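I opened this notebook to keep track of what I looked up, chain by chain and then across the interface. The entries follow the order in which I went through the model.

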Amino acid sequence: MKPREPVDDDARPASGVEQSDLELVRRAQRAERGAFDLLVLRYQHKVVKLVARLLRDPAEAEDVAQEAFIKAYRALGSFRGDSAFYTWLYRIAVNTARNSIASRQRRPLAYEAELSESEQSAVASRMSHTDTPEANLLSEEIRTTVNRAIEELPEDLRTAIILREVEGLSYEEIAAAMDCPVGTVRSRIFRAREAIDRNLKPLLD
Amino acid sequence: MTDQIREQVSALLDGELPQGEIGLLVRRMERDPELRRAFGSYSLIGELLRAPGGHTARPSFASRVSEAIAAPEQQPAAGVAKVPERAFWKRPGFATAIAASAALAAIVLVRPDAQHRNAIVASQTAAEALGALPLAGATSPTPAQSQRLASYLVAHSQFSSALGRHNVWSGLLADDPGLTRVSFDMSDAP
């Protein structure tokens with residue numbers, strides 16, 4: 001299944017997120033490493049999810065996603081902002097995943113007995129984090145926690161965060177929909193996130 | 001105060017933070033791991049709300065990327081064969097270049113007493129010099145070929161233009177009366 005490429009219409013005005021990404025990219029291009037770290041934090045889940053879907057191998061997905069981010073960092077000087085940062089990153093991730101698939105097809109089957117000790121340890125380490133029943137259970141627990149926390153939110157906070165995260169509306173659009181000031185929208189979304197994060201934190205630490 | 005900053009972090013994630021506040025916040029987040037953690041957690045919440053299925057990154061993913069970027073360039077991964085670079089003396093053309101240089105050097109070296117020698121002597125010197133060099137590869141010129149090369153250079157000097165004589169070795173050779181008797185025969189050239 002070919003993943004759907006993010007829409008990149010030149011005529012469409014850049015969204016707030018795209019503008020914010022561009023600002024972070026400009027800072028990263030000026031050697032502000034912290035700015036690139038924020039781009040990784042923003043897109044890590046999206047990229048890992050995308051790569052895992054392409055590779056059909058969750059154990060390898062994080063390694064390939066990491067490689068994609070490193071490639072993006074090294075190529076950041078060539079990013080001019082003609083497209084959205086995520087569109088650019090998406091292409092790098094897809095190409096990195098394709099290369100990984102191609103090299104996997106060229107590689108002869110490696111049986112455990114033929115792996116060196118360090119290779120076995122690397123495989124075991126990956127397995128222990130991403131593809132074990134414990135890891136799957138944790139992922140499921142995280143999802144359940146988020147859903148439960150959303151259900152428990154007061155109506156105004158729940159509406160605000162769903163309009164933002166699920167519908168992708170801007171603060172201004174949410175303010176119009178909820179008939180309240182933009183500042184209130186900003187505060188409601190923040191409080192919703194904080195409430196969910198309080199439940200999530202023990203699982204992620 | 002902390003809540004205000006965390007609210008800024010939330011707004012940054014949504015691209016709703018005013019441009020003028022971004023720089024300060026980014027620098028602050030660089031120093032504050034808790035703010036970075038919150039940013040990552042808000043991002044995860046959004047991802048799970050939009051698309052509940054599928055794999056998400058581990059909590060340590062972003063810090064591993066950051067460490068990998070900070071680390072110096074790594075060696076090629078195990079199993080990736082590196083093509084051995086050919087020694088410079090085995091590269092194509094090296095033997096020929098050595099032969100030409102040796103021939104020229106020999107001709108120049110004999111010039112101080114050129115009154116008493118002729119070009120054949122010079123060519124013999126070049127051939128001897130070539131014989132002493134440890135040339136690699138099957139394309140190394142034979143002494144006979146080197147002699148022809150030296151002879152050609154001398155002959156060329158006789159026909160080179162006055163302008164050319166100002167800046168090439170052949171100019172030196174053409175001015176040398178000891179070398180005027182040389183003839184060049186192309187009949188057995190390879």
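Among contacts in chain A between residues at least 6 apart in sequence, what percentage join residues at least 24 apart? I looked this up and found 65%, keeping in mind that I am reading a predicted model.

**Entry on chain A.** I noted 9 helices and 0 strands for the secondary structure of chain A, with the elements running α-α-α-α-α-α-α-α-α from the N terminus on. Of the 205 residues in this chain, I found that 31% are buried.

**Entry on chain B.** I then went through chain B, where I again wrote down 9 helices and 0 strands, in the pattern α-α-α-α-α-α-α-α-α along the sequence. Chain B has 190 residues, of which 32% count as buried, and of its contacts with a separation of 6 or more, 56% are between residues 24 or more positions apart.

**Entry on the interface.** Next I asked how many residues of each chain are in contact with the other. I found 48 residues of chain A in contact with 45 residues of chain B. On the side of chain A that touches chain B, I listed the elements that give two or more residues as α1 (16-29), α2, α3 (58-74), α6 (133-152), α7 (155-165) and α9 (182-204) of chain A. The element that gives the most to this side is α2(A), with 14 residues. Sorting the side of chain A that touches chain B by class, I recorded 20 nonpolar, 11 polar and 17 charged residues.

**Entry on one helix pair.** I followed helix α2 (residues 33-55) of chain A to helix α3 (residues 33-50) of chain B, and I found that their axes come within 8 Å and cross at roughly 25 degrees. Because the angle is under 35 degrees, I entered α2(A) as roughly parallel to α3(B). The crossing in which α2(A) passes α3(B) is right-handed. From α2(A), I listed Asp37(A), Leu38(A), Leu41(A), Arg42(A), His45(A) and Lys46(A) as making the contact, and from α3(B) I listed Arg36(B), Phe39(B), Gly40(B), Ser43(B), Leu44(B) and Glu47(B). By class, I wrote this contact of α2(A) with α3(B) down as 4 nonpolar, 3 polar and 5 charged residues.

**Entry on the nonpolar core.** Which residues have the most contacts inside the largest nonpolar core? I found Val47(A), Val51(A), Ala65(A), Ala93(A) and Phe39(B), in a core of 63 residues. The element that gives the most to this core is α2(A), with 13 residues. I looked further at Ala93(A), and, leaving aside its neighbours within four places in sequence, I found it in contact with Val47(A), Leu50(A), Val51(A), Ala65(A) and Ala68(A).

**Entry on Val17(A).** My last lookup was Val17(A), which lies in helix α1 of chain A. Is this residue buried, partly exposed or exposed? I counted Val17(A) as partly exposed, because it has 19 C-beta neighbours inside 10 Å, where 20 or more would be needed for a buried residue. Not counting residues up to four places away in sequence, I found that Val17(A) touches Asp14(B) and Gly15(B). I also noted that Val17(A) and Tyr86(A) are 69 residues apart in sequence and 9.9 Å apart in space, C-alpha to C-alpha.

Definitions and conventions
Residues are numbered from 1 along each chain as its sequence is written. Chains are lettered from A and ligands numbered from 1 in the order in which they are written. This is a predicted model: local features need pLDDT of at least 70, side-chain atom pairs count only at pLDDT 80 or more; totals for chains, interfaces and linings use all residues. Axes are lines fitted to C-alpha atoms, for helices over the stretch in contact, and angles run from 0 to 180 degrees between N-to-C directions. Helices (H or I, at least four residues) and strands (E, at least two) are DSSP runs, numbered from the N terminus. Angles under 35 degrees count as roughly parallel, over 145 as roughly antiparallel, 65 to 115 as roughly perpendicular and the rest as oblique. A crossing is left-handed if the near helix is turned anticlockwise from the far one by less than a right angle, and right-handed if clockwise. Two residues are in contact if their C-beta atoms, placed from the backbone, lie within 7 Å. Ala, Val, Leu, Ile, Met, Phe, Trp, Tyr, Cys and Pro count as nonpolar, Asp, Glu, Lys and Arg as charged, and the others, Gly among them, as polar. A residue is buried if 20 or more other C-beta atoms lie within 10 Å of its own, exposed if 12 or fewer, and partly exposed in between; C-beta atoms are placed from the backbone. A nonpolar core is a set of buried Ala, Val, Leu, Ile, Met, Phe, Trp, Tyr and Cys residues joined through C-beta atoms within 7 Å.
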